[in-house]
Amino acid sequence: MAEKRGLGKVVHAGREMVWGKGAVAGGFVFLSGAEARTDDTDEPVEGIAAQTELALERIKSRLAEAGARLDDVVKFVWYLTDRALETEFYAARDGWLARNAPRLLAERSYASTLLIVGLAKPDMLVEIDCTAYLGVDSRG
C-alpha cells in the first residue's frame, strides 16, 4: 500500500514556515491554506483582488507539484477576513478561474465553503484551502 507523501516546506523571506505545502494520500491532494504573502518579504500583497490571484496561483503551482491540475479540484474553502470583501473576492476568483480553469468554473464541479475569519497577519484578507482528486491509480 502506498504511503502518503508531503509536498515540502513553505519558505518566505528565507525562513521556513511552520506548515508545509500539503500532502498526497489515498488518491487525493490536500493543500494547506494558500496565502497571498510574498516569498521575498513574507508580507501580504495589496488588496483583495491581488491576494486572491496570488493565493490561486500558489494553489495551481502546488497542485502541479503533486501531479494534479485545477480541473482535479473537488473542494475549496475560502477564508475572508471581512464580509464586505465578498463581492470583490468573487469577481477576482471567477476572473482568475475563467483564465486558468474555465471548465471548473463553468461546471462548478467542486464543493466549497466561505468562512469569515481572522487570519495569521493583520493585512491578510484571504486564504484558500484546496483538495483535489488524483484517482486511485495515482498513488505513489
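This is a short tour of a predicted model, stop by stop, with something to select at each one.

**Stop 1: the sheet**

Start in cartoon view and colour the strands. Six of them make an open sheet, ordered β1-β4-β5-β8-β6-β7, with mixed pairing. Now pick out β1 (5-6) and β7 (111-116): these stand at the edges with a single partner strand each, so one side of each has no neighbour in the sheet.

With the sheet still in view, bring up helix α1, residues 48-66. Helix α1 packs on the sheet and touches β1, β4, β5, β6 (73-80) and β8 (126-133). Line up the view with β5 and you should see the direction of α1 make about 150 degrees with that of the strand. Next, add helix α2, residues 86-100, which also packs on the sheet, touching β6, β7 and β8. The direction of α2 makes about 145 degrees with that of β6.

**Stop 2: strand pairings**

Select residues 22-25 and 28-35. These are β4 and β5, an antiparallel pair joined over four bridges. To find one register point, label valine 24 and look across to β5, where its bridge partner is valine 29.

Move on to β5 and β8. The two run antiparallel, with six bridges between them. Here the residue to label is leucine 31, whose bridge partner in β8 is cysteine 130.

On to β6 with β8: this pairing is antiparallel too, over seven bridges. Label tryptophan 78 and you will find its bridge partner in β8, isoleucine 128. Keep tryptophan 78 in mind for the aromatic stop.

**Stop 3: β8 and a glutamate**

Hide everything but β8 and its surroundings. How many of the eight residues of β8 are buried? Six are, which leaves the strand mostly covered.

Now select glutamate 127, which lies in β8. Is glutamate 127 buried or exposed? Its relative accessibility is 18%, and buried means under 20%, so glutamate 127 counts as buried. Show its surroundings: leaving aside residues up to four places away in sequence, glutamate 127 touches Gly33, Ala34, Glu35, Val77, Trp78, Tyr79 and Leu119.

**Stop 4: the aromatic cluster**

Show Phe76, Trp78, Phe89, Tyr90 and Tyr110 as sticks. Ring pairs link these five residues into a cluster. Across the structure there are six aromatic pairs. Zoom in on phenylalanine 89 and tyrosine 90: why does this pair count as tilted? The ring centres are 5.3 Å apart and the planes meet at 50 degrees, so the pair falls in the tilted class.

Switch on a surface to compare the two partners. Phenylalanine 89 is buried, at 0% relative accessible area, whereas tyrosine 90 is partly exposed at 26%.

Before leaving, add arginine 93. Its charged end sits over the ring of tryptophan 78, 5.0 Å from the ring centre.

**Stop 5: salt bridges**

Change the colouring to show charge. Side chains of opposite charge can pair when their charged atoms come close. This structure holds 12 salt bridges.

Pick aspartate 94 and arginine 108, a salt bridge at 3.5 Å from N to O. Aspartate 94 belongs to helix α2, while arginine 108 sits in the loop between α3 (102-107) and β7, so this pair ties together parts 14 residues apart in sequence. Both ends are partly exposed: aspartate 94 at 22% relative accessibility and arginine 108 at 40%.

Next, select glutamate 107 and arginine 103. The closest N and O atoms of this salt bridge are 3.4 Å apart. The two residues are four apart in helix α3, which means about one helical turn separates them. Glutamate 107 is partly exposed at 46% relative accessibility, and so is arginine 103 at 48%.

Now extend the selection to Arg69, Asp71 and Asp72. Together with Arg103 and Glu107, these residues are joined into one network by salt bridges that share partners. Within the network, finish at aspartate 71 and arginine 69, whose side chains meet in a salt bridge at 3.8 Å, N to O. Aspartate 71 is partly exposed, with a relative accessibility of 24%.

Notes. Residues are numbered from 1 along each chain as its sequence is written. This is a predicted model: local features need pLDDT of at least 70, side-chain atom pairs count only at pLDDT 80 or more; totals for chains, interfaces and linings use all residues. Side-chain values use heavy atoms; hydrogens and water are left out. Rings of Phe, Tyr and Trp (its six-membered ring) pair if their centres lie within 6.5 Å; planes under 30 degrees apart count as stacked, over 60 as edge-to-face and the rest as tilted. Buried means under 20% relative accessible area, exposed over 50%, partly exposed in between (1.4 Å probe, protein chains only). A charge sits over a ring if NZ of Lys or CZ of Arg is within 6 Å of the ring centre and within 35 degrees of the ring normal. Two strands pair if DSSP finds at least two bridges between them. Contact means heavy atoms within 4.5 Å. Axes are lines fitted to C-alpha atoms, for helices over the stretch in contact, and angles run from 0 to 180 degrees between N-to-C directions. A salt bridge is a side-chain nitrogen of Lys or Arg within 4 Å of a carboxyl oxygen of Asp or Glu.
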